[in-house]
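Let's take a walk through this model together, with the sequence and the coordinates side by side. We will follow the charged side chains and then turn to the nucleic acid.

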Number of protein chains: 2
Amino acid sequence: MANANTISSQVIDAILSQRLAPNTRLGEQDLAALFGCSRTIVREALVDLAARGIATVSPRRGWYLTEVDTEKARELYVAREIIETGLLRHLARRKQALPTAALDQIARHLDAQAEAVAGDDIPRRSYLLGDFHVCLANSLGNSVLAANLRDMTVLTTLFTMRHQTPHDAQRSYEEHVAVFEPLTRGDALAAEEAMRCHLSTWEEKVNKARDYAPVSALHTALTPAADLRGVNASLTDTAKKEPLL
Amino acid sequence: MANANTISSQVIDAILSQRLAPNTRLGEQDLAALFGCSRTIVREALVDLAARGIATVSPRRGWYLTEVDTEKARELYVAREIIETGLLRHLARRKQALPTAALDQIARHLDAQAEAVAGDDIPRRSYLLGDFHVCLANSLGNSVLAANLRDMTVLTTLFTMRHQTPHDAQRSYEEHVAVFEPLTRGDALAAEEAMRCHLSTWEEKVNKARDYAPVSALHTALTPAADLRGVNASLTDTAKKEPLL
DNA sequence: GGCTCCAATCTTGTATGCAAGATCTGCATG
DNA sequence: CATGCAGATCTTGCATACAAGATTGGAGCC
């Protein structure tokens with residue numbers, strides 16, 4: 001019924017929406033049943049996800065969503081800072097304004113974020129706040145870096161979920177606006193600084209997380225926080241039918 | 001006999017060594033026979049390469065090495081400049097010297113490059129000159145960006161091969177040294193500037209290449225330049241047995 | 001009760017068979 | 001000679017069967 005591309009896309013969307021946690025098992029048979037196709041297609045999707053570092057296979061034991069350790073998380077945040085500030089710096093060097101169409105696209109994305117932050121659809125909120133960075137890279141005219149950034153965003157999401165760093169959605173949104181506003185004035189350098197500031201706050205969290213022992217999957221499963229109860233509920237047997245949708 | 005990983009690695013090595021040109025057909029059956037395994041394994045390797053943008057499948061027609069157009073090449077060069085100068089800039093911001101082990105690793109790679117540039121093993125020379133950038137990113141302590149950079153290097157190689165931009169190996173080597181030398185003095189900012197200079201010369205070439213019509217695979221095959229004769233010879237029927245090795 | 005070992009079960013690893021679409025070749029026809 | 005058509009061939013798409021390792025559960029023994 002479904003092809004490999006839709007399977008991997010749905011897995012990625014589910015991660016960005018924080019509906020799938022790191023170390024989640026991705027059984028070939030389960031996914032095949034869920035998507036109504038054979039293991040061949042599922043394996044194709046899983047190999048794709050593995051190539052992007054999102055899934056990992058343990059021989060003859062099973063596929064699992066990657067568990068990102070603090071060292072890798074550090075690399076990821078450095079990489080994101082380099083790429084995202086670098087894109088804005090590159091824009092500044094070119095000394096030419098961003099096309100109106102690009103600005104509009106970002107503005108529309110920010111509107112959607114504002115709406116999601118005000119509402120109570122937490123998965124959508126998580127998704128949009130992460131997707132903003134990909135959208136920005138795309139608007140800046142570099143699809144190659146945008147694609148890399150998407151995978152990095154997925155991996156950082158896997159890290160922050162595990163370490164339960166409190167994600168202040170309202171603040172993230174405001175910082176996104178702080179990146180966008182200078183762009184409307186053509187001040188890409190100011191936007192770069194705002195972006196560096198935005199990402200460095202995340203980097204601080206990683207450094208803090210290094211001090212804590214990483215929360216195990218079992219631990220989070222058995223001691224659900226109040227705001228996670230809804231997420232964990234979907235893992236019970238009765239609701240297990242379509243965990244990805 | 002061989003697993004998917006070795007197949008994709010060998011394809012990548014062959015591209016970096018300029019032994020495989022863009023648009024080269026990667027038939028599942030051919031590769032399966034070549035590596036002594038079934039199409040299943042070959043497909044796994046091809047899906048991996050496709051996820052990294054290196055191979056493309058045309059439904060029911062076949063797999064081919066990606067043909068990189070000028071727009072994508074521009075994005076690739078911008079991406080590489082952002083990442084590689086960004087890594088050095090990040091090093092400069094941290095205001096701490098590169099570990100001796102890292103410097104040694106780069107130095108040893110440069111020695112190998114010098115040897116290859118002096119010798120006549122053109123595939124090895126091509127490989128090392130491209131691999132330097134990956135080695136540098138690794139030495140700078142970011143394996144995530146190093147992996148992304150490897151794929152980008154592969155794609156830029158596919159572009160330059162097609163457009164036959166004359167590759168001055170000696171000059172590339174000297175520019176690599178010019179990046180390394182400031183690092184030994186702890187002057188990462190000077191290294192960043194040298195790297196920007198090194199990459200911008202390539203960017204100029206892309207802008208020039210935009211004016212030319214891209215040379216088709218058939219065209220290069222039928223009008224071999226003197227210095228490419230050895231490469232094309234390996235594509236004749238009698239020597240076709242192991243084009244990757 | 002606790003420990004060991006073996007069988008049952010579950011997982012991925014790999015090959016293969018068949019289906020279906022694309023291309024190519026050769027023939028018939030104008 | 002050009003053109004269109006049809007069969008032959010070659011290609012990937014996908015499902016399935018079987019192999020083999022990993023885990024688990026329980027029976028039997030100490």
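**Charged side chains and a DNA strand**

In chain B, the side chains of B:Glu81 and B:Arg196 are joined by a polar contact of 3.1 Å. Please keep in mind that the model is a predicted one. B:Glu81 sits in helix α4 of chain B, which spans residues 70–94. With a relative accessible area of 7%, B:Glu81 is buried. Leaving aside residues up to four places away in sequence, B:Glu81 touches B:Arg196, and also B:Gly86, B:Leu199 and B:Glu203.

Now let's look at the other end of that contact. Is B:Arg196 buried or exposed? B:Arg196 counts as buried, because its relative accessibility is 8% and the cut-off for buried is under 20%. B:Arg196 also has a salt bridge with B:Glu193, at 3.7 Å from N to O. How are these two placed along the chain? Both belong to helix α9 of chain B (residues 188–209), and because they are 3 residues apart there, about one helical turn separates them. B:Glu193, at 45% relative accessibility, is partly exposed. In chain A, salt bridges with shared partners link A:Glu81, A:Arg89, A:Glu192, A:Glu193 and A:Arg196 into one network.

Why do such pairs turn up? Side chains of opposite charge can pair when their charged atoms come close. Counted over all chains, the model has 32 salt bridges. One of them is in chain B, between B:Arg52 and B:Asp48, whose closest N and O atoms are 2.9 Å apart. Here B:Asp48 is buried, at a relative accessible area of 16%, while B:Arg52 is partly exposed at 24% relative accessibility.

Another salt bridge takes us towards the nucleic acid. In chain A, the side chains of A:Arg25 and A:Asp30 meet in a salt bridge, 3.6 Å from N to O. A:Arg25 is partly exposed, with a relative accessibility of 45%, and A:Asp30 is likewise partly exposed, at 48%. What does a polar side-chain atom of A:Arg25 lie 3.0 Å from? Its neighbour at that distance is a sugar or linking oxygen of DNA strand C.

Let's stay with DNA strand C and see what lies around it. How many residues surround the strand? There are 17, and the closest are A:Arg25 and A:Arg43 from chain A, with B:Ser38, B:Thr40 and B:Arg61 from chain B. By residue class, the surface near the strand divides into 9 charged, 4 polar and 4 nonpolar residues. Which elements each supply at least two residues of this surface? They are α3 (39–51) and β2 (62–65) of chain A, along with α3 (39–51) of chain B. The largest share, 3 residues, comes from α3(B).

Finally, which parts of the strand does the protein approach? Of the atoms of DNA strand C within 4 Å of the protein, 69% belong to sugar or phosphate, and the rest belong to bases. Two arginines of chain A show the base side of this picture. The side chain of A:Arg39 has an N or O atom 3.1 Å from a base nitrogen of DNA strand C. For A:Arg60, a polar side-chain atom lies 3.2 Å from a base oxygen of the strand.

Methods: Residues numbered from 1 in each chain as written. Chains lettered and ligands numbered in written order. Predicted model: local features only at pLDDT ≥ 70, side-chain atom pairs only at ≥ 80, totals over all residues. Heavy atoms only, no water. Salt bridge = Lys/Arg side-chain N within 4 Å of Asp/Glu carboxyl O. Buried < 20%, exposed > 50% of the residue type's maximum accessible area, 1.4 Å probe, protein only. Helix = DSSP H or I, 4+ residues; strand = E, 2+ residues; numbered from the N terminus. Polar contact = N/O pair within 3.5 Å; in protein donor to acceptor, adjacent residues only side chain to side chain. Contact = heavy atoms within 4.5 Å. Near = heavy atom within 4 Å. Nonpolar A, V, L, I, M, F, W, Y, C, P; charged D, E, K, R; others polar.
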